[in-house]
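Here's a casual walk through one protein model for someone meeting it today. Have a look at the picture, then read on.

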Amino acid sequence: MRAFPPEARVLTGPLLAGSAVELLDYDAVPGLPEAGGAPGSMLLLHGFGGDKGQLRPIGDALCPPGECAVYPSLRAHGTSHRPDWGYSVLDFAADLHRFGDILPDELHLVGYSYGGLVAAVSAVTWAASRVRSVVVVDQSFDAHPDLHVADEWAEGSLLRWTYDFGHLPDLLQRLGIPLLVLAAADSTNILPDERERLSQRDSALFRLEFIEGSHADCHRNTDEITSALRAFYEDHFPAAHKETEAS
């Protein structure tokens, strides 16, 4: 895991800070001078077993100057709180809501693996007034009870695979939120029948693309992922893209 220096606080303290509620650890990083491609501030969510640094290379490459990239360590990851239970996608999304009052008013969400489901659920609940786009990296929306593994993430695994999240792309479409799904070529996370159904979706707000790698390592394909995201953002937010080029 690549190490990053501590960041100066660029966001104010959440209203719930200092209360009995345990908040997520996160970094908020200003867009770098040489970065660009995203149309605004970003919220990047890692997968099971990762932490707030997992998607940092993607945000560093895409978040433009004047904007902010926020990287939380989700519950039971990094130095965030580790409750004995509460590992459904709704629990993870609620953790984001608890410090959502300090996040930028408009956000572009990127989530890898289980973080992709958390991003989609958060976008549905925050809606288009707050979330402008969602990118899901190699995460299925289908139910696959046979993929449940009773390991240290038993509850999260059960709740991830037992329930069907196939309605989330429809809800995002109804809200007018563009969705990009990146499927890893060597991954079995998104099975062929779901890939086929996703590829047949008739919506200008939805795109399915393929990237190299397995589920475990596809998030490291920074150049390939950022290239796909730049094209996605340019298509849906051309005015922001022109402003970035002009600056």
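## A buried serine with a positive phi

Let's start with S113, which is buried, at a relative accessible area of 3%. Keep in mind as you read that this is a predicted model. S113 sits in the loop between β4 (107-112) and α3 (114-126). Its phi is positive, about 55°, even though S113 is not a glycine.

A76 is another residue to look at for its backbone. Phi of A76 is near 70°, again a positive value in a residue other than glycine. You'll find A76 in the loop between β3 and α2. Is A76 buried or exposed? With 7% relative accessibility, A76 counts as buried because the cut-off for that is under 20%.

## The sheet

Now for the strands. The model has an open sheet of seven strands, and reading across it gives the order β1-β3-β2-β4-β5-β6-β7, with mixed pairing. Which strands are at the edges? They are β1 (25-30) and β7 (206-211), each of which pairs on one side only. From one strand to the next, the twist averages 15°. As a bit of background, strands of a sheet pair through backbone hydrogen bonds, either parallel or antiparallel.

Take a closer look at the β7 end. Strand β6 (residues 179-184) and β7 run parallel, and six bridges join them. If you want a spot to find by eye, L182 stands opposite E209 in β7.

## One side of helix α6

Helix α6 covers residues 192-199, and E194, R195 and L198 in it are buried. Why do these residues count as being on the same side of α6? They cover an arc of only 105° around the axis, so they end up on the same side of the helix. In general, an α-helix has 3.6 residues a turn, so residues three or four places apart point the same way. And what lies over the buried residues of α6? The cover includes β6 and β7, the two strands that six bridges join.

## Two histidines in loops

H81 is in the loop between β3 (68-73) and α2 (89-98). H81 counts as buried, because its relative accessibility is 11% and the cut-off is under 20%. Beyond residues up to four places away in sequence, H81 touches E22, L23, L24, R75, A76 and D95. So A76, the residue with phi near 70°, is among the contacts of H81. For a sense of distance, H81 and D105 are 24 residues apart in sequence and 26 Å apart in space, C-alpha to C-alpha.

The other histidine to visit is H219, in the loop between β7 and α7 (222-236). H219 is buried too, with a relative accessible area of 9%. Which residues does H219 contact, leaving aside its neighbours within four places in sequence? They are Q54, L55, I58, Y112 and I225.

## Cysteines without a disulfide

A disulfide is a covalent bond between the sulfur atoms of two cysteines. How many disulfides does a search of the whole structure find? Zero. C68 is in no disulfide, and the nearest cysteine sulfur, that of C63, is 6.4 Å away. A pair would need to be within 2.5 Å to count. C68 is buried, at 9% relative accessibility. C218 is buried as well, with a relative accessible area of 0%.

Terms used:
Residues are numbered from 1 along each chain as its sequence is written. This is a predicted model: local features need pLDDT of at least 70, side-chain atom pairs count only at pLDDT 80 or more; totals for chains, interfaces and linings use all residues. Side-chain values use heavy atoms; hydrogens and water are left out. Two strands pair if DSSP finds at least two bridges between them. Helices (H or I, at least four residues) and strands (E, at least two) are DSSP runs, numbered from the N terminus. Axes are lines fitted to C-alpha atoms, for helices over the stretch in contact, and angles run from 0 to 180 degrees between N-to-C directions. Buried means under 20% relative accessible area, exposed over 50%, partly exposed in between (1.4 Å probe, protein chains only). Contact means heavy atoms within 4.5 Å. The arc is that of the directions from the helix axis to the C-beta atoms.
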